[in-house]
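Student: I'd like to see how the labels on a model get decided. Can we go through some of them?

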Amino acid sequence: MIWSAAALLALTLAYLLSSKLPVFYSYAKNSVISESKALESDCRDPAGSWLAAICCVLPCLLVYALNGNAGAAALVLLVGCAAYSDLMTRWIPDCLIYGTVWLSLICRADSLLMEGITGALIFIAPVLVLQGVSFWRRRTGCFASGDLYLLPAIGLWIMPEFALLVMSCGLML
């Protein structure tokens with residue numbers, strides 16, 4: 001019985017993969033090409049700001065001073081570096097995005113199943129709803145893919161009771 005269900009699931013997944021992957025690929029390819037053309041017309045040169053860098057990096061010291069958790073401080077440091085990079089260049093390096101996700105998963109592995117995943121799901125739910133409405137109405141998303149990668153990594157650290165409140169305040173800002 002279990003093998004039959006697994007085989008049926010594998011066949012269904014294989015069918016979906018073979019029929020939908022070309023559609024997703026061509027959509028992603030066209031999206032990258034259009035973003036590349038928009039980037040060519042961008043005449044803004046990346047700049048540096050000492051004050052902005054301090055404001056993005058120093059909160060990690062405050063987090064460490066308040067709770068002594070080196071993992072949380074490292075996560076805040078990586079998110080601060082990503083925020084500074086996004087502010088100055090409108091680009092977040094993949095190493096910062098994936099590093100933040102992996103650091104969050106490693107540091108929260110002890111309470112990941114119950115509290116972490118629930119908090120992350122509740123935290124990103126409003127963003128996913130807004131993204132879905134934006135795709136439905138305008139055929140384009142309102143959040144960048146880097147944001148959608150970083151949000152669950154941050155949501156893992158927020159208690160489920162406060163996740164919706166924190167995200168709602170963030171969206172209002």
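Tutor: Sure, starting with cysteine 55, which counts as exposed because its relative accessibility is 52%, and exposed means over 50% (buried is under 20%, partly exposed in between, with a 1.4 Å probe and protein chains only). This is a predicted model, where local features need pLDDT of at least 70 and side-chain atom pairs count only at pLDDT 80 or more, while totals for chains, interfaces and linings use all residues. Residues are numbered from 1 along each chain as its sequence is written, and side-chain values use heavy atoms, leaving out hydrogens and water.

Student: How do you know that cysteine 55 has no bond to the closest cysteine sulfur?

Tutor: That sulfur belongs to cysteine 56 and lies 6.8 Å away, too far for a bond, because a disulfide is a pair of cysteine sulfur atoms within 2.5 Å. Cysteine 56 is likewise in no disulfide, and the structure holds zero of them.

Student: What makes cysteine 56 buried or exposed?

Tutor: Its relative accessibility is 16%, so cysteine 56 counts as buried.

Student: And why is serine 85 called buried?

Tutor: Serine 85 comes in at 12% relative accessibility, so buried is the label. Serine 85 sits in helix H4 (residues 70-89); helices are DSSP runs of H or I, at least four residues, numbered from the N terminus.

Student: Which residues does serine 85 contact, neighbours within four places in sequence aside?

Tutor: Arg90, Trp91, Ile92 and Pro93, where contact means heavy atoms within 4.5 Å.

Definitions and conventions
Helix = DSSP H or I, 4+ residues; strand = E, 2+ residues; numbered from the N terminus.
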